[in-house]
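The following exercises are to be worked with the sequence and the coordinates at hand. Each task is followed by a solution in steps.

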Amino acid sequence: MRRLSADRGAVVGAVVVVLTAVVALAAPLITRTLGVDPYTYHLQALDPSGLPRGGFGGIGADHPFGVEPQTGRDLLAIVVEGTRTSFSIGVGAAALSMVIAIALGLSAGYLGGWWDAVVSRLTDVALGFPHLVFMIAVSAIVPATAPRAAVMILIIGALGWPSTARVLRSRTLALRGRAFVGASRAMGAGGLHVLVTQILPNLAATIIVFTTISIPGRITAEAALSFLGVGVPPPTPSWGRSIGSAITWVSTDPWYLLFPGAALFLVTLAFNLFGDGLRDALDPRTGERR
């Protein structure tokens with residue numbers, strides 16, 4: 001904690017991450033408290049061409065971030081509720097990826113033999129697989145009645161484990177030959193006991209850092225799918241879907257793109273800053289080299 005608190009970038013990133021998590025958890029309460037709603041149309045806030053009345057995208061006392069073109073929906077409410085959607089999908093997909101990576105990486109590194117060969121080849125195939133194309137294809141054929149957020153967590157998470165699994169496998173191989181593992185075996189400990197009580201705790205720092213750093217990529221993947229029209233369906237708020245809709249209006253209403261784009265940028269930057277600082281704090285040698 002002392003090393004982490006000395007890194008100003010990591011502290012700022014941690015504060016933004018915590019605030020984002022609070023907004024995601026309390027999004028409905030925040031929108032009700034502010035008196036805004038992401039689903040209500042405010043057509044009176046639009047001119048005859050469908051653009052927001054007034055300057056800066058319709059920013060005013062009633063709509064602090066302006067309104068959405070053509071619908072007049074409050075952009076502040078869309079960004080707040082979009083935080084809930086994008087953040088939950090990003091964290092859920094990162095957690096699923098890490099569970100798969102831990103299961104495959106630790107088992108392959110500890111057991112070795114044919115299972116290690118199978119996992120290694122599977123990892124190579126997964127690393128060379130066109131993830132975005134596959135995610136688009138699967139998302140497009142999923143029935144409209146399926147819970148879209150859960151489907152996106154499953155798709156993004158199931159494809160995000162290979163690089164982490166490879167790192168955990170190599171670390172497990174190194175730990176398998178350490179003296180304390182040999183001592184546990186000599187005392188009669190089983191393989192599962194050694195994995196859970198000896199090897200896994202020594203990989204905790206690596207797992208925490210990789211999880212933290214991988215969340216921005218999962219959030220960006222959700223935004224990319226929503227931007228391409230195969231993510232969460234309208235009218236569910238999402239940063240990626242808002243950015244995709246704003247592209248068509250950027251020449252006439254650039255403010256529509258500003259706020260959801262800034263939210264995605266700030267959260268991604270915050271997670272990266274916090275992940276880098278956490279890595280340096282858990283591994284002081286990294287910080288000394290840097």
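**Exercise 1. Overall architecture**

Read from the N terminus, the elements of the protein chain follow the order α-α-α-α-α-α-α-α-α-α-α-α-α-α. The model is a predicted one, in which local features require pLDDT of at least 70, side-chain atom pairs count only at pLDDT 80 or more, and totals for chains, interfaces and linings use all residues. Residues are numbered from 1 along each chain as its sequence is written, and side-chain values use heavy atoms, with hydrogens and water left out.

Task: State how many helices and strands the protein chain has, and give its extent and the share of buried residues.

Solution.
- Step 1. The protein chain has 14 helices and 0 strands; helices (H or I, at least four residues) and strands (E, at least two) are DSSP runs, numbered from the N terminus.
- Step 2. The C-alpha trace spans about 80 × 45 × 30 Å along its principal axes.
- Step 3. Of the 290 residues in the protein chain, 44% are buried. Buried means under 20% relative accessible area, exposed over 50%, and partly exposed in between, with a 1.4 Å probe and protein chains only.

**Exercise 2. Helix α4**

Task: Compare the span of α4 with its expected value, and describe its burial and its two ends.

Solution.
- Step 1. α4 has 37 residues, and its first and last C-alpha atoms lie 53 Å apart, close to the 54 Å expected at 1.5 Å a residue. The expected span is 1.5 Å times one less than the number of residues in the helix.
- Step 2. Since 26 of the 37 residues of α4 are buried, the helix is largely enclosed by the rest of the structure.
- Step 3. At the N-terminal end, Asp 74 acts as a cap of α4, with a side-chain oxygen 3.0 Å from the backbone nitrogen of Leu 76. A polar contact is a pair of N or O atoms within 3.5 Å; within protein, one must be able to donate a hydrogen and the other to accept it, and residues adjacent in sequence count only if both atoms are side-chain atoms.
- Step 4. Just after α4, Gly 112 adopts a positive phi of about 65°.

**Exercise 3. Two serines in helices**

Task: Which backbone oxygens do the side chains of Ser 107 and Ser 214 reach?

Solution.
- Step 1. Ser 107 belongs to helix α4 and is buried at a relative accessible area of 14%. Its side chain reaches the backbone oxygen of Leu 104 at 3.1 Å.
- Step 2. Ser 214 belongs to helix α11 (residues 204–227) and is buried at 12%. Its side chain reaches the backbone oxygen of Thr 211 at 3.0 Å.
- Step 3. An α-helix has 3.6 residues a turn, so residues three or four places apart point the same way.

**Exercise 4. Aromatic pairs**

Task: How many aromatic pairs does the structure hold, and which parts does the pair of Phe 56 and Trp 255 tie together?

Solution.
- Step 1. There are 4 aromatic pairs. Rings of Phe, Tyr and Trp (its six-membered ring) pair if their centres lie within 6.5 Å; planes under 30 degrees apart count as stacked, over 60 as edge-to-face and the rest as tilted.
- Step 2. One of them joins Phe 56 and Trp 255, edge-to-face, at 5.1 Å centre to centre and 80° between the planes.
- Step 3. Phe 56 lies in the loop between α3 (27–34) and α4, and Trp 255 in helix α13, so the pair ties together parts 199 residues apart in sequence.
- Step 4. Phe 56 is exposed at 54% relative accessibility, whereas Trp 255 is partly exposed at 31%.
- Step 5. The rings of Trp 114 and Trp 115 are also edge-to-face, because their centres are 5.9 Å apart and their planes stand at 75°. Trp 114 is exposed at 66%, and Trp 115 is partly exposed at 27%.

**Exercise 5. The loop between α3 and α4**

Task: Are Gln 70 and Thr 71 buried or exposed?

Solution.
- Step 1. Gln 70 lies in the loop between α3 and α4, and Thr 71 lies there too.
- Step 2. Gln 70 is exposed at 54% relative accessibility, while Thr 71 is buried at 15%.
- Step 3. Gln 70 has a positive phi, near 75°, in a residue other than glycine.
- Step 4. Thr 71 and Leu 46 are 25 residues apart in sequence and 8.0 Å apart in space, C-alpha to C-alpha.
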